[in-house]
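Please take a moment with the sequence and the 3D structure before reading on. The paragraphs below go from one part of the chain to another, and it helps to find each residue in the view as it is named.

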Amino acid sequence: MGPKKAEILNKEAEIYSLYDLIQTFPYRYIDRSRFYKIAEISSNNTHIQLRGKIVAFSTKGEGRAKRLIAHFTDGNDTIELVFFKGIPFVLKAYQLNTEYIVFGKPNYFNGVYSFVHPDIEQPSEERTQGFMPLYHTTEKMKNHFLHSKALQKFIFLALKQLPTDVAETLPQSVLNKRKLMPLYDALWQIHFPQNMQLLEQARERLRYEELFYIQVAILRQAGLMRSKQKGHPMPQVGDIFHTFYRDFLPFELTNAQKKVIKEIRADLVRETQMNRLLQGDVGSGKTMVALLTMLMAVGNGFQACLLAPTEILATQHYEGLFKLLKDMPVSIRLLTGSTKKKDRVSLHQSLQDGSLQILVGTHAILEDEVKFANLGLAIIDEQHRFGVAQRAKMWAKNHRPPHVLVMTATPIPRTLAMTVYGDLDVSVIDELPPGRKPIQTYHLFENKRANLHRFVHEQLQQGRQIYVVYPLIKESEKSDLKDLEAGFESMQKIFSEVEVGMVHGKMKPAEKDAEMQRFLSGETRILVATTVIEVGVNVPNASVMIIENAERVGLAQLHQLRGRVGRGADQSYCVLMTKYELSSDTRKRLEIMTETNDGFRIAEADMKLRGPGDLDGTMQSGLPFTLRIANLSNDGVVLQQARVDVQEILQADPMLASPENAILLSQLKYRATDAVNWSLIS
Ligand code: ADP
Ligand code: MG
């Protein structure tokens, strides 16, 4: 290929070598092994080909809905070929009553099949038989004649240069154990499958390989850490824990909370450092688990700290814990950016002489001058707001790093957690405390706004508080801020009987906190906000969450926002406001939201809808390299197999020093980018 095409491939598809080229897998195949009859078409056909003639053209619809219909027959039946764009071109390019081959995916609508924008070709003898691969291309690529067919040709030529004894990229033992197709065959079959079965085997092999190397990258690092990091053994549960549990626990723990505490307990007894991720949906009671864990540390003579991402959250935690501990011989204090100088001095003192046992606070805890006498445990709430570097700082607070418990309300599907967090152990609270009324969620179109206002008036009359959220795509977008301000003004007008507050990310932290405080105290009854309120603020009296432009918000975030209500005894509501025209994906998102409150179901659905290539930035950067063929939401079983196999290999040869494992090291080097490895950090 010429230098211009090569340059386009570099820029547009990151293809720099023949190897990159053959690693560019088709996204779909057309079954060209035979011609289908129109009567045979069924909903499980993927892409198929028909042979026949166009017998007539007609148009339907007006304006943007205008479309051209080519009536196509195979001699027995007819089917409609539909074109929304390029109508003059189609009319010129294709003649009536001439033999054509039509490819595409049948579209089922209102009880009939049609093809929308199918490919149409003149019959020719040199057609590929079997399955024809389709490759993703960009506009730029197409402009330089690098369309799917051209890629197919280049890939074919590249594969022909592949020696039949091309070096394997997986150890022979693994290939045998998992009965995986050899690399040479897999590469041919993934591009030019002879049949569906061989294609499936090729996919299996390549998927496995990708997940295998993700696990090698992660487990190898984690293993190195493990053997190095000694922890602080905490051999006893301790009297403090027992006393609290017996006399001051305000409620019976849920079974899920009990289970998690047992898991943590088992970690603390060991010689090695705990690195545990605690997932629990909003309101599942993570704070009590945090407290009980801290009491175990204190009972073993250690100090403990709890970090929250914002001042208001830290303060809430502190006040709640202080109350719970008021009749216990345990000292607890709060440290935030606004802690007074005088208090700081005495606080530092009591931390260093060991008289202060529990410290609750914000990032302020991470500052170098905050020194502990004997920090044994650090708990981090809502880890998504904490940067990687900040968590690393926590480690340096003692000569031996403290046990670390990271708590998150963002449910992460298990497969993803295993991959992104590597060897971080995962605990899950999968049960809510009893007696919660599930939040009722409704989706309203813009034209029902009057109903919404009536409902809000009612709720205000009952003494409730209301959130109104405007999603921002970027905090910097002026137009978004305008939406928010307009919303604020209209709420003030319509609900003049109450005070309305407003918070957004452009405000100074102190202003923001003051505004949150006004809402918390009930002074403002409606809070108009951007998504800055997403993280765990607890206002039990707020019972309605209205999300404007909900079509612009991802599922995970919708769920997080909804979690701001439903924290008190009253029935709570979430209202998703959208415009009328919605894409089918958006419709699905809204349907899932109205159907379920289960964060894990939502997270799984989210991953399926978005696909693994489009994960939350934090998680994507957690992957050692990008996935080309494996799919974390579907390939959990393969991931688990790969993990077990890699663990076995690393157990026998932790440094991968043996000759048969040399292949692993060279592959790792080839694949690895400088992506952050999370297992090293938490
Ligand atoms: P989150 O997991 O979102 O941090 P919290 O720890 O804030 O949840 O708990 C939410 C509410 O549920 C709090 O008011 C807490 O006191 C209460 N709670 C926690 N565990 C239980 C339980 N086992 N039984 C009853 N209420 C509980
Ligand atoms: Mg919480």
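**A guided walk through the model**

Ala378 stands opposite Val404, a residue of strand E15. This is a predicted model, and that pair of residues is a convenient place to begin, since it leads to the strands on either side. Strand E14, which covers residues 375-381, pairs with strand E15, residues 403-408, in the parallel sense, and five bridges hold the pairing. Strand E14 is also joined by five bridges to strand E11, residues 303-307, and these two strands run parallel as well. Within that second pairing, Ala304 stands opposite Leu377 of E14.

Is strand E14 buried or exposed? Seven of its seven residues are buried, so the strand is largely enclosed by the rest of the structure. As background for reading any such strand, the side chains of a regular strand alternate between the two faces of the sheet.

Strand E11 deserves a second look, because Gln303, with a relative accessibility of 4%, falls under the 20% limit and counts as buried. Gln303 has its place in this strand. Although Gln303 and Ala378 are 75 residues apart along the chain, their C-alpha atoms are separated by 8.9 Å.

From these strands we can turn to the ligand. Which residues come nearest to ligand 1? Of the 14 residues around it, the nearest are Gln257, Gly283, Lys286, Thr287 and Arg436. Several polar atoms can be followed one by one: an N or O atom in the side chain of Thr287 lies 2.6 Å from an oxygen atom of ligand 1, while a backbone N or O atom of Glu252 is 2.9 Å from a nitrogen atom of the ligand. A polar backbone atom of Ser284 is 3.4 Å from an oxygen atom of ligand 1. Taken alone, ligand 1 exposes 560 Å², and the protein buries 74% of that area. The space that ligand 1 takes up is the second largest pocket.

Another group of strands lies earlier in the sequence. Strand E3, residues 67-73, and strand E4, residues 78-83, run antiparallel and are joined by six bridges, with Thr73 standing opposite Thr78 of E4. The hairpin that E3 and E4 form has four residues between the strands, and in it Gly75 takes a positive phi near 105 degrees. Strand E4 pairs in addition with strand E7, residues 112-116, this time in the parallel sense and over three bridges; there the bridge partner of Val82 is Val116 in E7.

The backbone angle phi is worth following a little further. Most residues other than glycine have a negative phi. Asn97, however, has a positive phi near 55 degrees, and it lies in the loop between helix H3 (87-93) and strand E5 (99-104). With a relative accessibility of 52%, Asn97 counts as exposed. Lys179 likewise has a positive phi, near 50 degrees, and is found in the loop between helix H6 (172-177) and helix H7 (183-191). Lys179 is exposed, with a relative accessible area of 73%.

The walk ends at helix H19, residues 555-562, which is mostly covered, as six of its eight residues are buried. Those buried residues are Leu555, Leu558, His559, Gln560, Leu561 and Arg562.

Methods
Residues are numbered from 1 along each chain as its sequence is written. Chains are lettered from A and ligands numbered from 1 in the order in which they are written. This is a predicted model: local features need pLDDT of at least 70, side-chain atom pairs count only at pLDDT 80 or more; totals for chains, interfaces and linings use all residues. Side-chain values use heavy atoms; hydrogens and water are left out. Buried means under 20% relative accessible area, exposed over 50%, partly exposed in between (1.4 Å probe, protein chains only). Two strands pair if DSSP finds at least two bridges between them. A residue is near a molecule or strand if one of its heavy atoms lies within 4 Å of it. A polar contact is a pair of N or O atoms within 3.5 Å; within protein, one must be able to donate a hydrogen and the other to accept it, and residues adjacent in sequence count only if both atoms are side-chain atoms. Accessible areas come from the Shrake-Rupley method with a 1.4 Å probe; for residues, only the protein chains shown count as cover. On a 1 Å grid over the protein atoms alone, a cavity is a set of points where a 1.4 Å probe fits but cannot get out, and a pocket is an open set with protein on both sides within 12 Å along at least five of seven lines; lining residues have an atom within 4 Å of a point. A molecule sits in a cavity or pocket if more than half of its atoms lie within 2 Å of its grid points.
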